[in-house]
Amino acid sequence: FAIRKDYLTENPVSGIDIQASPNIINRYLSDDELTRLISACKRSSWKKLYLLVLMAITTGMRKSELIGLRWSDIDFKKNLAKLDDTKNGEPRLNPIPAPAMSELLNHREIGNGLIFNSPAKPDRPFDYTKRWKAALNEAGIEKFRFHDLRHTAASYLVMGGATLYDAAQILGHKSTETTKRYAHLSTEHKAKVAERVMGNVFRM
């Protein structure tokens, strides 16, 4: 960034090797946890917590992408969110599935305002940290970060039959290498389905 802005002429850390450590934190919600969390979010004192969590799970958007969303970014006819400022630096159109779009319509506003704005400071995102933690506590869910909702979205996509390429496109991964961490869920899920079905067929 500094080089692009001409603050520096060369990278001062170009000769330093960084040992990569694999990101193996793939925590996602079980069906039971999902039910409990959704119920808790619906009862939150912040009326948009359910919408925020629902969009995070159904779209796989990052936290920064969600809280930066404006009403003018939403195409209500095509059920899409236009994301200009993404982590990988490339804009993308993110699908908004029907459950999230339906809830979004319940809060719809006209204009360019932030969807998840602060009532006191409309030009800034709402600090939902306390409400989020309260919902987790009420739902009895431990060791779960907001970013894990994105892992949940990825896991559901793969277990639902989405290819790694399709999942990567929806999640905004530059390549399927990042998405491959979820590949085992597809085989695990298929194995469980086959075991359940064939177990019923050949039950003695």
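Helices (H or I, at least four residues) and strands (E, at least two) are DSSP runs, numbered from the N terminus. This is a predicted model, in which local features need pLDDT of at least 70 and side-chain atom pairs count only at pLDDT 80 or more, while totals for chains, interfaces and linings use all residues. Residues are numbered from 1 along each chain as its sequence is written, and side-chain values use heavy atoms, with hydrogens and water left out.

**Stop 1: the whole chain**

Start with a cartoon of the protein chain, which has 9 helices and 3 strands. Followed along the sequence, the pattern reads α-α-α-β-β-β-α-α-α-α-α-α. The C-alpha trace spans about 75 × 50 × 35 Å along its principal axes. Of the 204 residues, 36% are buried (under 20% relative accessible area; exposed is over 50%, partly exposed in between, with a 1.4 Å probe and protein chains only). Switch on the surface next: the chain exposes about 13100 Å², and carbon and sulfur atoms supply 54% of that area, computed by the Shrake-Rupley method with a 1.4 Å probe.

**Stop 2: K47**

Now select K47, in the loop between α1 (31-42) and α2. Is K47 buried or exposed? K47 is exposed, with a relative accessible area of 64%. Add S102 to the selection: K47 and S102 lie 55 residues apart along the chain, and 15 Å separates their C-alpha atoms.

**Stop 3: α2 against α6**

Move on to helix α2 (residues 49-59) and helix α6 (residues 148-159), whose axes come within 6 Å and cross at roughly 40 degrees. Here the axes are lines fitted to C-alpha atoms over the stretch in contact, and angles run from 0 to 180 degrees between N-to-C directions. The two helices, α2 and α6, are therefore oblique to each other; angles under 35 degrees count as roughly parallel, over 145 as roughly antiparallel, 65 to 115 as roughly perpendicular and the rest as oblique. Show side chains for V53, A56 and I57 of α2, together with L149, T152, A153 and Y156 of α6, which make the contact (heavy atoms within 4.5 Å). By class, this contact of α2 with α6 has 6 nonpolar, 1 polar and no charged residues.

**Stop 4: the sheet**

Next, select the open sheet of 3 strands, ordered β1-β2-β3 with antiparallel pairing; two strands pair if DSSP finds at least two bridges between them. Which strands stand at the edges? They are β1 (74-75) and β3 (92-95), each with a single partner strand, so one side of each is left without a neighbour in the sheet.

Zoom in on β1 and strand β2 (residues 80-83), which run antiparallel and are joined by 2 bridges. D75 stands opposite L80 in β2, and I74 has A81 as its bridge partner. β1 and β2 form a hairpin with 4 residues between them, and N79 in the turn has a positive phi of about 55 degrees.

On to β3, which pairs with β2 in the antiparallel sense over 4 bridges. Here L80 stands opposite P95. In a regular strand the side chains alternate between the two faces of the sheet. Show the side chains of β3 to see this: R92 and N94 point to one face and are buried, whereas L93 and P95 point to the other and are not.

How values were computed: Nonpolar A, V, L, I, M, F, W, Y, C, P; charged D, E, K, R; others polar.
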